[in-house]
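The exercises below are to be worked with the sequence and the structure in view. Each task is followed by a solution in steps.

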Amino acid sequence: MNLVMKSALAGFVATVALGPVSSFAEEAACGCATAYQGSASAIGSILRVDGDVMVAQTAGYGPAKAGSALDFGSRVVVGPKGVASVRVGGCNLDVPANSSLDISRVENNICLRVVGSEHTAAIPSNGGGGFGPPEAIFSGALLTSGVLAATQDDGNGVSR
């Protein structure tokens, strides 16, 4: 097989194997953005908690409670039978079951991102299965190895 054909085949395999993976690396857009006023105190708080809700902050990770302070870097994680409501700046957001809320600073704004269960690394409730990104990456690597092994030309060595 000539060099052009090998290059085209390798490019096609790389595109198929790695194409879908790049979409998972994209960050979700801010669900709500509000101006940062530069306050020395907390930038928001949890208004309501029902069910399994945890909060991660610089001080640690623990059960969320109504009235808990939120700051940059805080993450509110809601389990399968939970819901939470938060207020940060001018934003009031509900965080549904099987999702999380990330609070970050983007330039001079507070950015609230709700990441739903379709973006989290959770096992589906039906017991798993299927063909996801890890399987696609492994299959692409396996296919690439097979193509390279099949197209290797040992008969035309340069140094004999």
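A disulfide is counted here where two cysteine sulfur atoms lie within 2.5 Å of each other. The model is a predicted one.

**Exercise 1. Determine how many disulfides the protein chain has and how the bonded cysteines are paired.**

Step 1. Apply the cut-off to the cysteine sulfur atoms: the count comes to two disulfides.

Step 2. Identify the partners. The sulfur atoms of Cys30 and Cys111 are 1.8 Å apart, and a disulfide also joins Cys32 to Cys91, again with 1.8 Å from S to S.

Step 3. Number the bonded cysteines in sequence order; the pairing then reads 1-4, 2-3.

**Exercise 2. State which parts of the chain each disulfide links, and give its handedness.**

Step 1. Place the cysteines of one pair. Cys30 is in the loop between helix H1 (3-25) and strand E1 (32-35), while Cys111 is in strand E10; the two are 81 residues apart, and the pair links distant parts of the chain.

Step 2. Read the torsion about the S-S bond: at -115°, the link of Cys30 and Cys111 is left-handed.

Step 3. Turn to the other pair. Because Cys32 lies in strand E1 and Cys91 in strand E8, this disulfide ties together parts that are 59 residues apart in sequence. The torsion about the S-S bond of Cys32 and Cys91 is about -80°, so this disulfide is left-handed.

**Exercise 3. Classify Cys30, Cys111 and Cys91 as buried, partly exposed or exposed.**

Step 1. Recall the cut-offs: buried is under 20% relative accessible area, exposed is over 50%, and partly exposed is in between.

Step 2. Cys30 has 33% relative accessibility and so counts as partly exposed.

Step 3. Cys111, at 1%, counts as buried, and Cys91, at 2%, counts as buried.

**Exercise 4. Describe the setting of Gly31.**

Step 1. Locate the residue: Gly31 belongs to the loop between H1 and E1.

Step 2. Classify the residue: its relative accessibility is 57%, so Gly31 counts as exposed.

Step 3. Compare sequence and space. Gly31 and Leu112 are separated by 81 residues in sequence, yet their C-alpha atoms are 5.6 Å apart.

Step 4. List the contacts. Leaving aside residues up to four places away in sequence, Gly31 touches Leu112 and Arg113.

**Exercise 5. Relate the largest nonpolar core to the secondary structure.**

Step 1. Set out the elements: the protein chain has two helices and ten strands, in the order α-β-β-β-β-β-β-β-β-β-β-α.

Step 2. Describe the core. It has 19 residues, and those with the most contacts inside it are Leu70, Val76, Leu101, Ile103 and Leu112. At least two residues come from each of strands E3 (53-57), E6 (75-78), E7 (83-88), E8 (91-95), E9 (99-106) and E10 (109-115).

Step 3. Examine one member. Beyond residues up to four places away in sequence, the residues that Leu70 touches include Val55, Val76, Val86, Val88 and Ile103.

**Exercise 6. Decide which stretches call for caution in reading.**

Step 1. Begin with the whole chain: its mean pLDDT is 74, and 61% of its residues reach 70 or more.

Step 2. Find the low stretches. Over residues 8-27 the pLDDT is below 50, and this stretch has twelve contacts in the model beyond near neighbours in sequence. Over residues 119-127 pLDDT stays under 50, and the model has two contacts there beyond four places in sequence.

Step 3. Conclude: where pLDDT is low, the predicted coordinates should not be read in detail.

Conventions
Residues are numbered from 1 along each chain as its sequence is written. This is a predicted model: local features need pLDDT of at least 70, side-chain atom pairs count only at pLDDT 80 or more; totals for chains, interfaces and linings use all residues. Side-chain values use heavy atoms; hydrogens and water are left out. Helices (H or I, at least four residues) and strands (E, at least two) are DSSP runs, numbered from the N terminus. A nonpolar core is a set of buried Ala, Val, Leu, Ile, Met, Phe, Trp, Tyr and Cys residues joined through side-chain atoms within 4.5 Å. Buried means under 20% relative accessible area, exposed over 50%, partly exposed in between (1.4 Å probe, protein chains only). Contact means heavy atoms within 4.5 Å. pLDDT is the predictor's confidence in each residue, from 0 to 100.
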